[in-house]
Every structure is written in C-alpha cells, then in structure tokens.
Amino acid sequence: MQRIAIIDIGSNSARLVISHIYKNGSYNMVYNQKEALRLSQKLDKTGRLTEEAFAATLETMKSFAYMCKLYHADKTIAVATAAIRSAPNGPELTRLVEAETGITLHIITGNTEAYISYLGVINTLPVKDGIIFDLGGGSTELILFKNRQIVESVSLPFGAVNTTDMFNTRGTMSPNVYSDMSFFLLSRLAQHPWLKQNRLPLIGVGGTARTLGKMQQKRSKYPSSKIHNYKFTAQAFHDIFSQLRGTTLEQRRKIAGLSSDRADIILAGAGIVNCLLETTGCKQLTISGCGLREGLFFDYYSKSENLPLIAPYNERFDMRK
C-alpha cells in the first residue's frame with residue numbers, strides 16, 4: 001500500500017489530500033484539510049508577497065507536514081499556483097517552505113495548471129468534448145478539449161480574489177462597476193476566439209463553481225448534496241447572478257448554499273462565469289468536484305500502476321446523451 005499526499009497552495013486557499021493506493025490498484029481518500037490563505041490579498045504595492053503571506057503559508061505548510069507525517073505519507077506532491085507564481089518573491093517563499101518543512105513546493109506555470117486540472121476532469125466525467133474553466137483566486141484556466149484531448153488552453157491572470165480587489169466588489173456591485181468589470185473580462189476573453197463553442201458543455205472547477213452549484217441545488221430543492229457532475233442551465237445561473245448583484249455582503253452571508261467565507265468574493269467570481277457563458281454561448285453549466293488535486297493524483301497513479309493517463313471514453317455514460 002502507498003500513501004500519497006497532494007498539497008495545492010492556491011491564491012485563495014490551501015488544501016491537503018492524502019490517499020491510499022492499495023496493492024490491488026484501488027484507492028481512496030483518507031484525509032482532507034483546507035485552510036483559507038487569501039494570498040492574492042496579501043501583496044504589497046509591487047506585487048510581492050508580504051510578511052503576513054509568508055507567515056500564513058509557513059504555518060499552513062507546517063500543519064500539512066505534520067499530517068503527512070502522522071499518516072505516514074510515502075510521497076508528497078506539492079504545487080503552488082497563481083499568487084506565488086506571479087509574485088517576484090514567490091521562489092523565496094518556496095525555499096523557506098522546504099527549509100522549514102522538508103516539503104518541496106513546486107511553482108507550476110499557468111499552462112501546466114490548466115493541463116493538470118484537465119486531467120482531474122477528464123478522468124472523472126463521462127464527456128467527450130467540452131470547455132473547462134478552473135476559476136481560482138488569482139487566475140482562470142480555460143481548456144477546450146475534443147475527443148478527450150486538449151485542443152486549446154490558456155491561463156488568464158484574473159480570478160475571484162484579485163478581480164474582487166480590482167473592482168472593489170466585496171460589499172455591493174453598482175451597475176457602473178458591473179459594466180466596467182464585464183467590459184474588462186469580455187475584452188480579454190475575446191482575445192481567444194476558440195472559446196466560441198456554443199454546442200459544448202461548460203465545465204466549472206474550483207470554489208466559485210462549486211458554490212454556484214450548491215446555491216442552485218438549494219434554490220431547486222435538489223434532493224442530494226453531491227456536487228460532482230451536477231448540471232444546471234445558463235438561465236438558472238443568470239437567475240442566481242441577478243439575485244447576487246442586488247445584495248450586500250451581510251445579505252449574501254445568509255444565502256443558502258453560499259458559505260460566509262466566500263460571500264465577499266462571489267460577485268466577482270460569478271461575474272467571470274457570466275462573461276464565460278456570454279463568450280462561449282454555452283447553454284449549460286456542469287460542476288466538477290475534481291480538478292487540480294485529482295489531476296496530480298491521476299498523473300502519479302497512472303505512472304505507478306502503469307495505466308493510461310486518460311481514462312477511455314464510454315458513450316453510454318456521456319453527460320450529454
């Protein structure tokens with residue numbers, strides 16, 4: 001049996017997942033920990049990570065290292081994404097993490113992040129073609145895949161946290177701010193014409209996507225809390241977004257399905273999804289509960305077990321059939 005620890009230090013939160021791989025090839029998750037870091041909000045005027053960001057990251061990584069030791073992890077795979085990737089002193093932080101915890105924290109590129117998120121989705125959803133968006137705190141990765149292979153991908157430097165800061169939408173969103181934010185986002189998405197794929201499903205990864213799915217489940221009185229492969233229409237999303245745009249922060253904290261620690265960044269996050277729907281022309285949203293961490297696991301698992309990296313497509317289970 002192998003014990004594999006996966007660590008993801010994102011712009012909004014940090015996560016640790018520990019899984020067992022058994023001798024017969026089966027596997028299961030045995031531990032999951034999440035910490036809210038908000039690194040995208042802990043930058044100075046030059047874009048460098050502050051002392052607060054260093055201290056918070058080190059504290060979290062020490063906690064993760066302790067749990068890895070407690071669970072006797074045989075291998076630890078740790079990655080850092082947009083906030084640390086974009087900061088000039090990001091490499092300094094990763095060196096400090098390794099010195100203090102013994103864990104090598106790899107800063108991955110935006111394209112690598114997009115590819116790994118794709119692996120997490122493609123190996124857990126029965127879909128042949130689609131567009132994936134992995135909406136994080138400091139970046140959004142977009143992937144077009146056809147016949148289960150990547151055709152185009154890009155990492156854009158805006159996410160729920162830094163867009164919130166850019167347009168000051170933590171409290172309310174006035175019509176003028178909504179207009180300015182939409183223009184900013186749409187103009188950048190328009191630089192990638194391959195996104196216009198109105199006949200394909202739009203598949204969302206990340207906290208914002210999961211939150212929107214949970215909100216729709218509450219609104220529709222959905223009889224299950226399972227979020228992976230949950231689907232709802234673009235019109236249902238627009239109804240949610242319309243409700244959110246008319247709320248204050250305190251009002252949003254009381255909305256069913258919306259956690260209080262995400263209430264301050266959901267307006268910007270939903271605004272990004274709104275612009276993605278307008279750009280792609282997609283009529284349906286599908287929520288994936290699997291993304292970067294699962295992609296890292298499948299990358300390791302396929303090599304460890306000598307299995308294909310991409311799970312074969314089975315038409316009987318296609319989500320559009």
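# Exercises on a predicted model

Arg38 lies in the loop between β3 and α1 (51–70), where helices (H or I, at least four residues) and strands (E, at least two) are DSSP runs numbered from the N terminus. This is a predicted model, in which local features need pLDDT of at least 70 and side-chain atom pairs count only at pLDDT 80 or more, while totals for chains, interfaces and linings use all residues. Residues are numbered from 1 along each chain as its sequence is written, and side-chain values use heavy atoms, with hydrogens and water left out.

## Exercise 1: two loop residues

Find the sign of phi at Arg38 and at Asn229, and decide whether each residue is buried, partly exposed or exposed.

Solution. Begin with Arg38, which has a positive phi of about 50° although it is not a glycine. Next, apply the cut-offs: buried means under 20% relative accessible area, exposed over 50%, and partly exposed in between, with a 1.4 Å probe and protein chains only. Arg38, with a relative accessible area of 13%, is buried. Then turn to Asn229, in the loop between α7 and β10, which is not a glycine either and takes a positive phi of about 70°. Its relative accessible area is 24%, and Asn229 is therefore partly exposed.

## Exercise 2: strand β2 and its partners

Work out which strands pair with β2 and which way its side chains point.

Solution. Start with the rule that two strands pair if DSSP finds at least two bridges between them. Strand β1 (residues 2–9) runs antiparallel to β2 and is joined to it by eight bridges, with Ala5 standing opposite Ile18 in β2. On the other pairing, nine bridges join β2 to strand β3 (residues 27–36), again in the antiparallel sense, and Tyr27 in β3 is the bridge partner of Ile21. In the hairpin of β2 and β3, five residues lie between the strands, and Gly25 takes a positive phi near 95°.

Now look at the side chains. In a regular strand the side chains alternate between the two faces of the sheet. In β2, Ser13, Arg15, Val17, Ser19 and Ile21 point one way, whereas Ala14, Leu16, Ile18 and His20 point the other way, and all are buried.

## Exercise 3: two helices and a core

Determine how α7 and α8 pack, and which residues have the most contacts inside the largest nonpolar core.

Solution. First, helix α7 (residues 207–219) and helix α8 (residues 234–245) pack at an angle of about 95°, with their axes 10 Å apart. Axes are lines fitted to C-alpha atoms, for helices over the stretch in contact, and angles run from 0 to 180 degrees between N-to-C directions. Angles under 35 degrees count as roughly parallel, over 145 as roughly antiparallel, 65 to 115 as roughly perpendicular and the rest as oblique, so α7 is roughly perpendicular to α8. Among the residues that make the contact (heavy atoms within 4.5 Å) are Leu212 of α7 and Phe237 of α8.

Second, consider the core, defined as a set of buried Ala, Val, Leu, Ile, Met, Phe, Trp, Tyr and Cys residues joined through side-chain atoms within 4.5 Å. The largest has 50 residues, and Phe133, Leu142, Leu212, Phe237 and Leu244 have the most contacts inside it. Helix α10 (residues 266–280) gives the most to this core, with nine residues.
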